[in-house]
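User: I am new to this structure. Please walk me through how its terms are applied.

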Amino acid sequence: MYITNELFIQILAAFLFMMGMLIVVQRRNTIMVLMGIELMLNAANLSMVGFSHYLSQIDGQVQVFFTITIAAAESAVGLSILINLFRNFGSSKTGEASILRG
Amino acid sequence: MHTQIIESHIPLWIILLPLIGFLINGAILPIVYRGFAKTPANVAGGIATFFIATSFILAVKSFFTLQGIDGEAGGAILSYAFDWFNFGGLVIPFALRVDALSVVMTLIITGVGSLIHIYSIGYMHHDHAVGRYFSYLNLFCFAMLMLVLGDSLVILFFGWEGVGLCSYLLIGFWYSDTEKANAGVKAFVTNRVGDLGFLVGMFLLYRVFGTLTISEIIAALARPEMAAQVAPIATMITLALFVGATGKSAQLPLYVWLPDAMAGPTPVSALIHAATMVTAGVYMVARLNPLFELSVMTLSVVAHVGAFTALFAGTIAIAQTDIKKVLAYSTVSQLGYMFLACGVGAYNTAIFHLMTHAFFKALLFLGSGSVIHACSGEQDMRKMGGLKKHLPHTYVTMLIGSLAISGIPIFAGFFSKDEIIYSTIALPAGFSHLFFIGVLTAILTAFYTARMMSITFLGEERLSHHAKEHLHESPWSMVGPLYVLAALATLGGFFGVPHLLGMALGHIPHFLSNWLAPVIAIKHMPLVGEHLPWHEGVVMALSVVLAVASFWSGWKVFQNKFFISDFLSAIGPFHKVLANKYYVDELYDFLILSPLKRLSQWAAQIFDKLVVDGAVNGVGVWSRYFADRIRVIQTGDLQTYALAMIIGVFALVLTVYGMLNN
Amino acid sequence: MDNLNLAFLFLGGVAAFLSIAMLLAKNPIAAALSLLGIMLCTAGLYGMMQEHFIAAIQLVVYAGAVMVLFIFSIMLLNLKKEERDFKFTTPSFMATYTAGIVIFIGIIFQLLVHYDLFKSTMIPGPFNTAEVANLGGNTKVLAHALFSQYYLSFEVISLALLVAIIGAVVLAKRKFD
């Protein structure tokens, strides 16, 4: 089967999503976790835009518009939390904030 | 036979007035006077007496209404309030019925009750919880009236339990004394044991008849085909009901509470344990007499239990030193007579004896209360004596009461007791051995009553110095009712003059039997006995001679001695058994109470601690154990949680996707 | 439905390579710059799919604002180059990678199996390239849809932005001692 453009976009989106997930789970620095989240959001956006182009609809692009907005807001808030985390625990390693350990 | 029914609200008022008195004395007066201790005796007693006296007036009015009804079947005043219970085929109407039998009982309860209320005002004057006392007394009257006026067995049972409750409350009135409180508990628990039998009887009755309304049951039994259908099971029903009567009316084996019940105030003993509550069993048997008639075996059991109880209690009474205990055992003995009468089929005689017994026993109890009050609370007869000149009114009235109970003519007891003794040989259901037991008990009754009078009022004065200083005749509020009751004890016998004497004295009919005829079928008693071929006149003369002889001998012998063993030394060791009431209480303790106590201790200390607490604690321990194992999941590591979330979301998406595709 | 464009392949490959670099980078700044590169590639891909407005937004918001924010934070926290502190054979590591590969293969598989389905059952919408050009360009079409059909969501998003601003300000304040 040929890999058409549209299919390639979807495969690329899936790959980027997987990479984002691995970064979130694996990297020990909190700011890396946030960056992995951003990568996952980007991958989802890419997939949606791909479908919008493929199906000749506008809804995907509208959704992406909103997603980018929310992602930006979320990263701002997330970084403030990161600053607070850094202030309270003295480092930004994810292993430091383990008070809820059972 | 068609009973004429009049609808009226008077029965409801008869019941409700004492209840209102209870509420006022129990709730409103303590609020007004800020506590039971500060309620004056006159106010509380006056209110209580007002309500019970009004009930008496209404009862008299009902009596005259019933008398005005002509017809062989008599009449009844019915008061239907509402359907108390209407569910699944079981209909229990809240209906009160004043007919020939219940109006007699109501007159006794309200009449003698009013006299006792008036007496209590004087007796309990210095007590510090008088308000509570009178509220309980009125509550008792309410419950007892409900018992006798109820048309349904359930209402009767409600009153049955209510009088048991009030008996507990009043016996243990001075509850700060543990012994008195225990006596109250003993009375209540023993009653409850009997009530189990009563309940079983009620269940069986409902099963057979489909209704618990007394008038409907009696009407159904009038049909011969119904009577034939019921006859096989009637024995079980009536035996069960009789067990309940045994508990309430203090027969063997459930009589043990009545002597202990003397721990309560004396007017309580007079009202509850002489005149009204203990007669509830007799009333119930008399009311259900068509049912009892169907079972020969139950009637025999009833007669024998009654006779044996009478003799048993009589023998104990001879050896008692407490004046109230003598009267208590005397009550048990006389109740035995009533059940003996029921057992041989003479129900109307039982009711007659109930009536006369109410008069003279209440009189004797109130008189003894007057004596106790005068001797500053002393109840032991060995520390009394020579009170005849100090307490003349009490002496005269108690003497009349003693003559009445001993069966000496013309006083009331003679007519009723003699009729019972004659019916044991005259009626078809009688037995000749019961005749001899009855006669022997009559001799004992006269003997111990004369002993009581003699030790208390005659002989040398053995009072303590302190009591002698405060010796005084009782106030008129106490002496007045004594005289009224003495008059009733003298004249009450003429309600039931037997046929033989009635013909001789100018055609006086047996008023009570004729009056009760619609409810209790009159049984013809032949002039010559069936079981022993003695003429009724011979029996009457024999009983008079024996009663007078034993009263006279008791009077003379006990002037300065206390016990029979003082002059009959052969009886010495047996006398100890009598004085200790045949050790029945100890026997019950050994057979029933101690095993129960051991069982309770086992349950509390072993079963409760180990099994129940173990189970409850075990749940906690088990939870902890599992929680400790599961806690490992909470690593505190952010990214482990993230991984778990991602896997979870993915699984969710797969599931939804799979579901959508199908 | 064209064949694979070479530009697509190039941009996609660069993005994939940069994401692997992000995973393995020791220096946070290197990771941030990789992410920036991925954003640029993605913007390029958007542009090639004739979605010019979204491409522009991606560049301005994502690459321009969000990544700058990230780099500011890294510099503020003074994060240094760190050592790799994991082993490849730990259970959590293997579980992670297994999960990732499973997810990836799952998505790809579904795509490959059902891609044809899309072609035959879906009715394409009205906004193919020619029509969009007719209507005045991608921006105009998007604006029309945003302010007519999705107006409510638009308003809600503004509210969400307001909440985010307040939240960020509150969270980053120094506590008053």
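The turns below take up one interface and one sheet.

Analyst: This is a predicted model, where local features need pLDDT of at least 70, side-chain atom pairs count only at pLDDT 80 or more, and totals for chains, interfaces and linings use all residues. Residues are numbered from 1 along each chain as its sequence is written, chains are lettered from A and ligands numbered from 1 in the order in which they are written, and side-chain values use heavy atoms, without hydrogens and water.

User: What makes residues of chain A and chain C count as in contact?

Analyst: Contact means heavy atoms within 4.5 Å. By that rule, 71 residues of chain A touch 84 residues of chain C.

User: How many salt bridges are there between chain A and chain C?

Analyst: Zero. A salt bridge needs a side-chain nitrogen of Lys or Arg within 4 Å of a carboxyl oxygen of Asp or Glu.

User: Why are residues on this side of chain A called nonpolar, polar or charged?

Analyst: Ala, Val, Leu, Ile, Met, Phe, Trp, Tyr, Cys and Pro count as nonpolar, Asp, Glu, Lys and Arg as charged, and the others, Gly among them, as polar. The side of chain A that touches chain C therefore divides into 45 nonpolar, 19 polar and seven charged residues.

User: Why are β1(B) and β2(B) called paired?

Analyst: Strands are DSSP runs of E, at least two residues, numbered from the N terminus. Two strands pair if DSSP finds at least two bridges between them. β1(B) and β2(B) have four, in the parallel sense, so they pair. Glu7(B) stands opposite Leu78(B) in β2(B).

User: What makes β1 and β3 of chain B edge strands?

Analyst: Each pairs on one side only. The open sheet runs β1-β2-β3 in chain B, with mixed pairing.
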